[in-house]
Amino acid sequence: YEDWIKDNPVKPFYAILDRIVPGDGRQGTVAILTQQSIASALTPCLNQLVGNLQGEGFTVYSYQVGGGTPDTLRSFLRNLYNTNGIEGALFVGNLPVCWFEIKNDFETYGYAQFPCDLFYMDLDGTWLDTMTAGNGKYDGHEGAMEPEIYIGRLTPTGIGTDTVVLKNYFRKDNAFRRDTLFLDPQALVFVDNDWILWGPQWAQDVGLLYSDTLNYWDAETTRASIYRAKINTPRGWVSVFAHSSPALHQFVYNGGGSYYYYYSSEYRTQDPPVNFY
């Protein structure tokens with residue numbers, strides 16, 4: 001958080017309504033919030049996305065935004081939810097990030113801190129700052145904790161020039177919606193050792209969208225070599241649950257005594273035919 005806030009000092013919040021595009025009632029209402037400093041560079045992409053959403057039946061509220069704190073952005077979303085009934089919002093660019101901290105992570109690992117977009121989804125719960133009041137990080141969550149809306153965030157920090165990466169993302173999004181990138185509605189659920197207990201439930205959840213789902217949650221068959229082979233089959237969705245870093249997934253077998261890796265670089269070299277991970 002300290003590094004992030006140094007690069008993102010707090011400035012006054014503002015939101016400029018670009019347009020309201022009405023749907024035909026087949027779908028709900030969504031909001032697109034775009035960082036103002038990059039909005040003009042993304043105008044053709046955003047126009048295309050809004051047009052696609054309207055064609056699918058959505059009503060779209062599109063804003064250019066800047067500055068603010070997590071609290072001011074959450075208040076803005078709450079107002080959109082209460083006044084316009086949005087079911088979700090898409091953040092495009094560098095919008096405020098809420099941080100959460102835990103004093104004793106799993107009562108084993110000590111202090112931990114991390115970004116938490118659930119803050120923007122749960123609009124009526126109570127978020128607390130009790131460990132070090134006023135340090136900019138929440139550490140408690142209580143009351144009505146279920147999310148009222150969903151949030152998507154497109155912030156390509158660290159993987160290239162923002163507008164270049166975002167334009168490529170929107171190009172692929174449009175191709176998917178128009179079926180030129182659409183793959184067969186098949187899914188893979190690949191659950192390594194620590195999460196096997198929840199494997200059946202997660203497979204059932206994914207199965208709500210993908211009736212043709214291949215499931216692995218046996219401790220000895222969730223190996224890197226099998227994962228590598230299975231993602232060569234065209235699939236609309238892959239859920240992989242494994243200890244990971246930016247560099248790799250680690251898969252454990254032989255009763256926890258052996259492990260092997262699937263490296264992040266392999267996603268580029270192998271280029272699996274998968275729409276979503």
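**Close-up views of a predicted model**

**Figure 1. Pairing of strands S14 and S15.** Strand S14 and strand S15, the latter spanning residues 248–253, are paired in the antiparallel sense over two bridges. The model shown here and in the other views is predicted. Within this pairing, Ser-244 has His-249 of S15 as its bridge partner. The wider arrangement is an open sheet of three strands, ordered S14-S15-S16, in which the pairing is antiparallel. The edges are occupied by S14 (243–244) and S16 (258–263); each has a single partner strand, so one side of each is left without a neighbour in the sheet.

**Figure 2. Aromatic pairs: a tilted example and an edge-to-face example.** The whole structure contains 28 aromatic pairs. One of them joins Tyr-1 and Trp-4, whose ring centres are 6.3 Å apart and whose planes form an angle of 35 degrees, a tilted geometry. Tyr-1 and Trp-4 are both buried. In the pair formed by Tyr-261 and Tyr-263, the centres lie 5.7 Å apart and the planes stand at 70 degrees; because planes over 60 degrees apart count as edge-to-face, the pair is assigned to that class. Tyr-261 is partly exposed, at a relative accessible area of 22%, and Tyr-263 is likewise partly exposed, at 36%.

**Figure 3. An aromatic cluster and the arginine over one of its rings.** Phe-91, Phe-100, Phe-114, Phe-119, Tyr-120, Trp-127 and Tyr-138 are linked into a cluster by ring pairs. Phe-119, a member of this cluster, also has Arg-74 over the face of its ring, at 4.9 Å from the ring centre.

**Figure 4. The salt bridge between Arg-177 and Glu-56.** Eight salt bridges are counted in the model. In the one shown here, the closest N and O atoms of Arg-177 and Glu-56 are 2.8 Å apart. Arg-177 belongs to helix H6 (residues 162–177), whereas Glu-56 lies in the loop between helix H3 (43–55) and strand S3 (59–66); the pair therefore ties together parts that are 121 residues apart in sequence. Both ends are partly exposed: Arg-177 has a relative accessible area of 30%, and Glu-56 has a relative accessibility of 27%.

**Figure 5. The salt bridge between Asp-117 and Arg-153.** The side chains of Asp-117 and Arg-153 form a salt bridge with an N to O distance of 2.9 Å. This pair links distant parts of the chain, 36 residues apart: Asp-117 is in the loop between strand S6 (112–115) and helix H5 (118–121), and Arg-153 is in strand S10 (residues 150–154). Asp-117 is partly exposed at 21% relative accessibility. Arg-153, with a relative accessible area of 25%, is also partly exposed.

**Figure 6. The Glu-220 and Arg-223 salt bridge, and a network of shared partners.** Glu-220 and Arg-223 form a salt bridge in which the closest N and O atoms are 3.8 Å apart; because the criterion admits pairs within 4 Å, the contact is counted. Glu-220 is partly exposed, at 29% relative accessibility, as is Arg-223, at 27%. Elsewhere, Glu-2, Glu-101 and Lys-137 are joined into one network by salt bridges that share partners.

Terms used:
Residues numbered from 1 in each chain as written. Predicted model: local features only at pLDDT ≥ 70, side-chain atom pairs only at ≥ 80, totals over all residues. Heavy atoms only, no water. Phe/Tyr/Trp six-rings, centres within 6.5 Å; stacked < 30°, edge-to-face > 60°. Buried < 20%, exposed > 50% of the residue type's maximum accessible area, 1.4 Å probe, protein only. Lys NZ or Arg CZ within 6 Å of the ring centre and 35° of its normal. Pairing = 2+ DSSP bridges. Helix = DSSP H or I, 4+ residues; strand = E, 2+ residues; numbered from the N terminus.
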